[in-house]
Amino acid sequence: MRFIVYLIILIYFAFSFLPVYERDSLLYHLAISKVWLTNNFSSLDFSHFFYYPSLGFFFNYLALKINLPVLANLFHLLFFLATNLLIFRKIKEKNIAFLILLLFITLQPSIRFSYAAYTDFYLLFFSTASFLLIKEWYERGGFVYVFLAAVSLGVGLNTKYNIAIMGMVLFFMLIFLS
């Protein structure tokens, strides 16, 4: 089973080195980073929502700065794999952990988003990290876990505002668990 998981991850890495072809990546995620690259982070006159670069755009900006747009796909894949690692480390039984990992990496959205320069896996990573930190706070206690969960959620908010829903879920978890 481990061989299959490693083989799928290797295939994802191979897909990440393909040229960027997703419509949303080309028209939105990489295009905004390219405009910032040419205008030195000046405000964009055609959109009122892009006055500052978010975390995902920053990674895309770095990839375009060194003239490797494929690297934006690789950053996205690395956050996907880091999310899998967070989940994998929390499960005690390693055979079950590999089975869950195999299920998670073979889901259709995981396959589709793993080799595209989107912001979805950045959100998944930061929301998973904040959820697991709140879980650690409940099990062990200590304010540091709540603080790190808030920082993780804040960095996720810098990526995309959809993570605010996760912030409300975590807020209610803190209220009901304390």
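Helix H7 gives the second largest pocket the largest share of its lining, 5 residues. Keep in mind as you look around that this is a predicted model. The pocket itself holds about 190 Å³ of space. Helix H4 joins in too: H4 and H7 each supply at least two residues of the lining. If you want to find the spot on your screen, pick out Leu86, Arg89, Lys90, Ala129, Leu132, Leu133, Glu136, Arg140 and Tyr145, which line this pocket. Sorted by class, that lining has 5 nonpolar residues, 4 charged ones and no polar ones.

Now let's stay with H4 and H7, and look at a residue on H4. Thr83 is found in helix H4. Is Thr83 buried or exposed? Its relative accessibility is 0%, so Thr83 counts as buried; the cut-off for that label is under 20%. What does Thr83 touch, once you skip residues up to four places away in sequence? The answer is Phe121, Leu124, Phe125 and Thr128. With Phe125 there is also a polar contact: a polar atom of the Thr83 side chain lies 3.4 Å from the backbone nitrogen of Phe125.

Next, hop over to H7, where you'll find Ser130. Ser130 has a relative accessible area of 0%, so this serine is buried as well. Its side chain reaches the backbone oxygen of Ser127 at 2.9 Å. Further along the chain, Ser130 touches Ala149, Ser152, Leu153 and Leu170, again not counting residues up to four places away in sequence. You can also check how the backbone folds back here: Ser130 and Ala150 are 20 residues apart along the chain, yet their C-alpha atoms are separated by 7.0 Å.

Time to look at the nonpolar side of things. The largest nonpolar core has 32 residues. Which of them have the most contacts inside it? They are Val5, Phe79, Phe80 and Ile105. Several helices pitch in: H1 (2–16), H4 (70–90), H5 (94–105), H7 (120–140), H8 (143–159) and H9 (164–177) each supply at least two residues of this core. The largest share, 8 residues, comes from H7, the helix that also led the lining of the second largest pocket.

Ile105 is a handy place to zoom in. Leaving out residues up to four places away in sequence, Ile105 touches Val5, Ile8, Ile9, Tyr12, Phe80, Asn84, Ser110 and Ile111. Two of the names in that list, Val5 and Phe80, also belong to the group with the most contacts inside the core.

Finally, what about empty space inside? Rolling a probe the size of a water molecule over the atoms shows where empty space is left. How many cavities of 30 Å³ or more does a search of the whole structure find? The search finds 1. About 40 Å³ of space lies in the largest cavity. Around that space you'll see Asn84, Ile87, Phe88, Ile91, Ala97, Ile100, Leu101 and Phe104. H4 and H5 are the elements that give two or more residues to this lining, and H5 has the largest share with 4 residues. By class, the cavity lining divides into 7 nonpolar residues, 1 polar and no charged, while the lining of the second largest pocket has 4 charged residues. Asn84 is a name you have met already: this cavity-lining residue is also among those that Ile105 touches.

Technical notes: Residues are numbered from 1 along each chain as its sequence is written. This is a predicted model: local features need pLDDT of at least 70, side-chain atom pairs count only at pLDDT 80 or more; totals for chains, interfaces and linings use all residues. Side-chain values use heavy atoms; hydrogens and water are left out. A nonpolar core is a set of buried Ala, Val, Leu, Ile, Met, Phe, Trp, Tyr and Cys residues joined through side-chain atoms within 4.5 Å. Buried means under 20% relative accessible area, exposed over 50%, partly exposed in between (1.4 Å probe, protein chains only). Contact means heavy atoms within 4.5 Å. On a 1 Å grid over the protein atoms alone, a cavity is a set of points where a 1.4 Å probe fits but cannot get out, and a pocket is an open set with protein on both sides within 12 Å along at least five of seven lines; lining residues have an atom within 4 Å of a point. Grid points are joined across faces, edges and corners, and a volume is the space filled by probe spheres set on the points. Ala, Val, Leu, Ile, Met, Phe, Trp, Tyr, Cys and Pro count as nonpolar, Asp, Glu, Lys and Arg as charged, and the others, Gly among them, as polar. A polar contact is a pair of N or O atoms within 3.5 Å; within protein, one must be able to donate a hydrogen and the other to accept it, and residues adjacent in sequence count only if both atoms are side-chain atoms.
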